[in-house]
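User: I have a model open on my screen and would like to understand how some of its labels were reached. Could you walk me through them?

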Amino acid sequence: MARLVIVSNRVPDPNERASPRAGGLVVGLAEALVPGTLWFGWSGHRAETTGTIPKVTDAAGLTYATIDLGEADYRAFYLGFANSTLWPLFHMMPSLAVFDRADYSIYRKVNEAFAEALLPLLRPDDLIWVHDYQLIGVAAALRARGVTNRIGFFLHIPFPAPAVLDILPPATDLLAELLAHDVIGVQTARDRTLFADAVRAVFDQAISPDHRISHNGHRTHIIVTPVGIDARAFNAMAVRASQRVETRRMIESLAGRALMIGVDRLDYTKGLPARFDAYERFLACYPQHRRKLSFLQIAAPSREEVERYRALREELDHKTGAINGAFSDFDWVPLRYMTRTVGRTLIAGFYRTARIGLVTPLRDGMNLVAKEYIAAQNPLDPGVLILSIFAGAAEGLPEAVPVNPFDIDAVAEAIHAALVMPEDERIERHSAMLARVQSESASAYCQSFVAALTGGP
Ligand code: ADP
Ligand code: F6P
């Protein structure tokens, strides 16, 4: 069997595989990879200059090869073009995007540096699988160096509408580089339609009914493979976690109240300010539920050197103070807000304890938190998932309570509806969603992508 080579900007620390840092890419892939796989990418460390010779580590059957990013490259490539240009634009928030030609040229240079450092590690029959918007140019750079292996690309984030993509000055070059892959995977059917729209608008070319396109003499297959989790293992972890002393302490601290939980990276795409506003509206409009519900929001700091992320943190600190100041009682705090990464097992236990999972991103590629919340529930007494219609996960989970996260009143109403939902309805919705989360698993994601990369239908 051919070896799989994963290429991604973020690579887990091999010593922390049991509890990886926050982020869907690392979580989704870590649960799916078969032994023997090589995982190549950024070490997460900064040095004076970007590394050329990868540091190789073997752990738990996988080989990790990583390079450091030079300080200037980290700023222009990672903080700059990847996370201040592509990230907001692809999430359909053009007003937050900035474009700097110098950053873009360093983005290209870093993609070339990744290709150059990976080259000596490659074997002729390796299947190469590149991940996400940070590394759109790696395949083209490998091809330019004579690599003829099959190369696939998976986009973890949404694909933007053509009118938004138009804003990006190098959109044509980036689309052409995407089409240098043999397979392109996206999270949802909607993303695939938008990708086809962009290709039609930019190259005046249509994608065939079997989702293939030939561009510059190269054929690319566009597939939909939603990222998933290992639901059975996650449920077992949640059951174990419910016996842990921290989970018991959490339950005691609730003093019989219901728990509502949100778990996210501290990212403006996750819709946290609007979520807090909706909770405040709920507390104001449904006084009968006051003192009967506690909302725990766990938010892992992310990309803190980007100004917009710093501003978000300040905004949320302020809103937390305002909500708790207005509604707290001497023995009840309505909003518990933690800005840190919490261990995966503990999070599983908290999900299981929570009557409501509140997942309201303004735009999200998939959102694994929604799937984790479903997997963690007790099927005989499950909680209710409130899910943004703008999360990729909503395409596969129609039994969640759907909300438009921009509609504060609708989210407040959904919280009320979830609290009063009868047990049989909760069970019915949950069992339909659990079946989907179990079948759209981490391993199904990996296997279907690799099958397409091997040349399957
Ligand atoms: P993204 O990839 O944009 O961060 P996802 O919802 O797809 O969004 O994936 C987030 C992953 O990171 C999930 O597995 C979630 O459990 C984990 N995560 C998010 N926030 C935290 C946190 N505060 N502490 C620990 N894990 C977190
Ligand atoms: O899901 C999108 C994504 O950019 C992933 O690539 C990554 O795992 C996650 O968000 C966290 O972002 P970062 O790698 O910038 O910390």
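User: What makes helix 2 and helix 3 roughly perpendicular to each other?

Analyst: Happy to help! In this predicted model, helix 2 (residues 71–90) and helix 3 (residues 101–118) pack at an angle of about 110 degrees, with their axes 8 Å apart. Angles of 65 to 115 degrees count as roughly perpendicular, so that is the label for helix 2 and helix 3. Their crossing is left-handed.

User: Which residues of helix 2 and helix 3 meet?

Analyst: From helix 2 come D73, A76, F77, G80, F81 and L86, and they meet D103, Y104, I106, Y107, K109, V110 and N111 of helix 3. By type, the residues of this contact divide into eight nonpolar, two polar and three charged.

User: Why is C446 called buried, and why does C285 count as partly exposed?

Analyst: Buried means under 20% relative accessible area, and C446 has 6%, so the label fits. C285 has 46% relative accessibility, which lies between the 20% and 50% cut-offs, so partly exposed is the term. As for disulfides, the structure holds zero.

User: What is the phi of D132, and is D132 buried or exposed?

Analyst: D132 has a positive phi of about 75 degrees although it is not a glycine. Most residues other than glycine have a negative phi. D132 sits in the loop between strand 5 (127–131) and helix 4 (138–144). Its relative accessibility is 5%, under the 20% limit, so D132 counts as buried.

User: How do you know whether A255 is buried or exposed?

Analyst: A255 has 59% relative accessibility, over the 50% cut-off, and therefore counts as exposed. A255 lies in the loop between helix 9 (245–254) and strand 10 (258–265), and its phi is positive too, near 50 degrees.

Conventions: Residues numbered from 1 in each chain as written. Chains lettered and ligands numbered in written order. Predicted model: local features only at pLDDT ≥ 70, side-chain atom pairs only at ≥ 80, totals over all residues. Heavy atoms only, no water. Disulfide = S-S within 2.5 Å. Buried < 20%, exposed > 50% of the residue type's maximum accessible area, 1.4 Å probe, protein only. Axes fitted to C-alpha atoms, helices over the stretch in contact; angles between N-to-C directions. Helix = DSSP H or I, 4+ residues; strand = E, 2+ residues; numbered from the N terminus. Parallel < 35°, antiparallel > 145°, perpendicular 65-115°, else oblique. Left-handed = near helix turned anticlockwise from the far one by under 90°. Contact = heavy atoms within 4.5 Å. Nonpolar A, V, L, I, M, F, W, Y, C, P; charged D, E, K, R; others polar.
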